[in-house]
Every structure is written in structure tokens, then in C-alpha cells.
Amino acid sequence: MTFEDFNFDEKLLDGLSSMGYTKPTPIQGQAIPMILENHDLIACAQTGTGKTAAYILPILNKVLHADHRHLNTLVIAPTRELAQQIDQQIEGFAYFLGVSSIPVYGGGDGATWDQQRKALEQGADIIIATPGRLIALLAAGTIKFDHLEHLVLDEADRMLDMGFYDDIVKIINYLPKKRQTLLFSATMPPKIRMLANKILTEPKEINIAIAKPAAGILQQAYVVHDAQKGAVLKHVLKTVPWKSVIIFASTKETVKKLDVVFQKGGLNARAFHSDLEQQEREEILRAFKNKQVNMLIGTDVLSRGIDVEGISLVINWDVPPDPEDYVHRIGRTARAETTGTAVTLINERDQRKFYSIETLIDSVIPKLPLPPEAGEGPAYEPQKKKNISGHGRGGGGGRPGGGGRRGGQGQGHGRPRGEANGNGANANANGGEKSDRRRPKRRRGGNRGGGDNRNTGNAGGNTENKGAA
Ligand code: AMP
């Protein structure tokens, strides 16, 4: 399946390709057609599955043809960080569309509360709000939902855990009854079902089950600069016991480069990628299974399905672009109740991706100190803006120009329940003209960078197409 299958507007497809998205994730494959057909939806899916784009893309495609004078879509999210991330994704996809969004969340001071209100008065197609702040703005009469067409509740279970049930019900009372409602939640406890029954109409349901790594896998990571990867790889191969090892890289170019280095070093290694003939691949796998070859360097073509006993070590030369691929990659070791080690090398660009993986598998993977011969590595700071931009927003912070009509680029201090006291989000409304509203968001000199971001650190080239296997 490709994004073309959804009959998206050309401009949206342009946004997708500039973000480096090549094919839909499973939840996108299922949710997008349902949303385009205007169904209500309950989707049970965790962060890391691509759930955000699963609702943003079809909504953007619809908003394109909507009346831009009115607020069209409300996304409610539990935290400031998530609201920011959703807004950043919208901004990336909507680059060529002229669709506008405003994130609205608590924290900050009184002055910024005023800025935020001003930004909302200028209007937007989509707002992404945390519940407490939204209640405060509704009470102040700042937001009008009369023409709202879509409501999205993202991470609904987390919002209920944070005590937002009553606020959400209150907010929904302000919305038109005729609307499309989409509820995303990592879990489906009875209280979510209750909420769903109250606010959704004949919803379709999607459940995306995520494979968890086997308990026998010892997971470790090194946070490195690209130049340190070679030294760390050598150290791992020397210190972790192994008989057979797989080294994964995200592009075939990187695999080929590593292969050259390994051959020069006289190692018993073979490269495995989609450029090889089927017969060649089978021959390599046979040699690996028979232990005639004890090192395999491969792309994610290798990460699914190959079942070889006795692989005690998996090394990720880079972080896979798709978090689920991480689970598949490391699942090559510790098969059938045995134990194994999975080591991942994380460069600065991959930190955010690695954080998505940790979120997906719900565990923090230990970051080991680098061996002395490698020198000092970077800090692990996946939440930093420059890392967030690694998801396709190049340049780390260049907001589009376009008259600056956007509202809260807030950076308040997350007080989950303290938002409603009017203490203002740190919104950066720089008061653009109404006439600029429809101007596509453009970055001032910021690179788009999205496509490149999906490539691995040391080698260029496109991410390997698993379908080619
Ligand atoms: P989410 O589950 O929405 O938090 O998304 C997890 C990560 O996957 C985010 O970094 C997205 O940018 C990325 N992502 C989502 N869908 C795709 C896709 N179809 N192709 C590549 N990356 C994606």
C-alpha cells in the first residue's frame, strides 16, 4: 500500500514526500480510509505506531476543501509536549496546503495568555489543545466551535489518568452534535469505553497490537557521534560474547560500506540487501544458518522473518526509521527462550527516533558509557528541539513565515492541572494580518530536510524498501 492509494490531494502527497514518508504504517492503512469516509473511530494504538499521521493526514485532506473562515478541527491532547509534537507534524504535512494550526496549552505568564487569545481571534483551521487551557479559553469566550467538523481525542487514556474526564465532557458540550469524532488511546479501560459510548456515533474500531521484545533480550545503547560508531562497534564485538551476529543498518548504501570495511578487516561477514538476486540471498542465509558465515550485515529486509538459531548478538548501526522495526530487528536474537544482546548506536539525529522506540516498548534502554578509545560522546537529549526536528522538520526551529499569524509556540512549564487559572500559556503570537491567513506556511531559509532525515548517519541513499525482499 502507498499513500497514493488514498487519493490524497497532490499537495498533501508533496508534504508527505518532503517529510520522508514513503508508505503508510498499519494503523494509517486502516484508519485513513475510515476517516476519509467520515466514520467515527476508536483506535487502540500506542505512540510509535504512526497514530498521529493516521488522523492528521485524512483531516488535512478534508480541511483543504473546507471553509477556512471557521475553526474546523479540534485535537485534544493530554500534555503540552504532545500538543507541540502534533502541531509540528501538522505544520510539516501542511507545508504546501495553506492550512493553519495553533497549539494551545498551559503554563507561562499572563502576558502570553493575552497573546494566545489574540492568535485565536485571528483564527485557524485546526487547534491542538490541552483540556485545562481549552476550558479556560472557552470560559473566556475566546473560541467559537460553531462550525467544527472534527474532534480528535489523542492519548485519551492518559487524559483520563490525569483527571481530565469531566473537563473533556464539558468541552464536548460546547461542540456541534454533528461532527466526526476520533478517539485514540493506548489502552481501552472501561472508563474509555464509557467516554466513547457518550461521544462517538457508531464508531469503527481499530486495534493495533504491538509486538514487544522477548524478555530474554538484554537491550543496550551507546549515544555516539557518527565518527565514533566504528570504535564502539569494535568494542561491542570484542566484549559481548557471540557466535553469530547480525549488524543492521537502515540503507543498503550503509550496508555496502560496512561490508567493504569488514572484508578489508578479514572478517567472516556477508552483506544482505535488496540489490542482491534472490538466489544470492538464499545462499547467504544458508551459509549463515550453517555457521559458515558468522556475521551478517543487513538492512531491514533481514529484520522480519529470518529465523536463525544461535544469534546471540544484534547490533543496530543506526536506529531504524520505523519503531516497530526495532522490535523486529532485535527479535532476531534470543529466539526460542534463549538469551541474547541487542546493542543500538544512536547518533544525534536518531535520538528522537530512539525515544519513540522506548515509548513504544515502554522501557528505558540503558545508555552505556563509551569505551575510552572512542572518546566522549554526545548527551542523550531526545526531547531537545533539534532532535524533534529529526522527524522531518529540518533546521531545528525555523517556523514558517507567512505573516506570523500562528499562535502558541508556547513553552510553559507543564502544570498538568494548573492550566485553567488563566495564567497564560507562553504563546508566541506575533500578530499576523488576517489577509495572510491562507498563505502557505513557508520556512525562512530553513531546510525541509525531511527526506534526508530518514537516511542513516554515515551513508546517504534511500531507506531500504522492505517490500523488495
Ligand atoms: P506516532 O505514533 O504518531 O507518535 O509516530 C511515531 C513516529 O513515526 C513519528 O516520528 C512519525 O513522524 C513517524 N511516522 C509516522 N508515520 C510514518 C510513516 N508512514 N513513515 C515514516 N515515519 C512515520
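## Exercises on a predicted model

Aspartate 362 sits in the loop between helix H14 (351-361) and helix H15 (385-388). The structure used in these exercises is a predicted model.

**Exercise 1.** Determine the sign of phi at aspartate 362, and state whether this residue is buried or exposed.

*Solution.* Begin with the backbone: aspartate 362 is not a glycine, and yet its phi is positive, at about 60°. As background, most residues other than glycine have a negative phi. Turn next to the surface: the relative accessible area of aspartate 362 is 64%, and since exposed means over 50%, aspartate 362 is exposed.

**Exercise 2.** Locate asparagine 38, give its phi, and then describe the surroundings of glutamine 180, one of whose contacts is Asn38.

*Solution.* Asparagine 38 belongs to the loop between helix H2 (26-36) and strand E1 (41-44), and its phi is near 70°, a positive value in a residue other than glycine. Glutamine 180, for its part, lies in strand E6 (residues 180-185). Its relative accessible area is 5%, and because buried means under 20%, glutamine 180 is buried. Leaving aside residues up to four places away in sequence, glutamine 180 touches Met34, Ile35, Asn38, His39, Asp40, Lys62, Glu149, His150 and Leu151. For Ile35 the geometry can be specified further, as a polar atom of the glutamine 180 side chain lies 3.1 Å from the backbone oxygen of isoleucine 35.

**Exercise 3.** Describe how helix H1 begins, which of its residues are buried, and what phi glycine 20 takes just after the helix.

*Solution.* At the N-terminal end, H1 is capped by aspartate 9, a side-chain oxygen of which lies 2.9 Å from the backbone nitrogen of lysine 11. Within H1 (residues 10-18), the buried residues are Leu12, Leu13, Gly15, Leu16 and Ser18. Just beyond H1, glycine 20 takes a positive phi of about 85°.

**Exercise 4.** Work out how helix H3 (residues 51-63) and helix H4 (residues 80-93) are arranged, and which residues make the contact.

*Solution.* The two axes come within 10 Å and cross at roughly 45°, which means that H3 is oblique to H4. H3 passes H4 in a right-handed crossing. On the H3 side the contact is made by Thr52, Ala53, Tyr55, Ile56, Leu57 and Leu60, and on the H4 side by Ile86, Gln89, Ile90 and Phe93. Sorted by class, the contact of H3 with H4 has 8 nonpolar, 2 polar and no charged residues.

**Exercise 5.** Carry out the corresponding analysis for helix H6 (residues 131-139) and helix H8 (residues 165-173).

*Solution.* H6 and H8 pack at an angle of about 40°, with their axes 10 Å apart, so H6 is oblique to H8. The crossing of these two helices is left-handed. In the contact, Pro131, Gly132, Leu134, Ile135 and Leu138 of H6 meet Asp167, Lys170 and Ile171 of H8. The residues of this contact divide into 5 nonpolar, 1 polar and 2 charged.

**Exercise 6.** State whether serine 274 is buried or exposed, and how far its C-alpha atom lies from that of leucine 302.

*Solution.* Serine 274 is found in the loop between strand E10 (269-272) and helix H12 (278-289). Serine 274 has a relative accessible area of 15% and is therefore buried, given that the cut-off for buried is under 20%. Serine 274 and leucine 302 are 28 residues apart along the chain, and their C-alpha atoms are separated by 9.5 Å.

Technical notes: Residues are numbered from 1 along each chain as its sequence is written. This is a predicted model: local features need pLDDT of at least 70, side-chain atom pairs count only at pLDDT 80 or more; totals for chains, interfaces and linings use all residues. Side-chain values use heavy atoms; hydrogens and water are left out. Axes are lines fitted to C-alpha atoms, for helices over the stretch in contact, and angles run from 0 to 180 degrees between N-to-C directions. Helices (H or I, at least four residues) and strands (E, at least two) are DSSP runs, numbered from the N terminus. Angles under 35 degrees count as roughly parallel, over 145 as roughly antiparallel, 65 to 115 as roughly perpendicular and the rest as oblique. A crossing is left-handed if the near helix is turned anticlockwise from the far one by less than a right angle, and right-handed if clockwise. Contact means heavy atoms within 4.5 Å. Ala, Val, Leu, Ile, Met, Phe, Trp, Tyr, Cys and Pro count as nonpolar, Asp, Glu, Lys and Arg as charged, and the others, Gly among them, as polar. Buried means under 20% relative accessible area, exposed over 50%, partly exposed in between (1.4 Å probe, protein chains only). A polar contact is a pair of N or O atoms within 3.5 Å; within protein, one must be able to donate a hydrogen and the other to accept it, and residues adjacent in sequence count only if both atoms are side-chain atoms.
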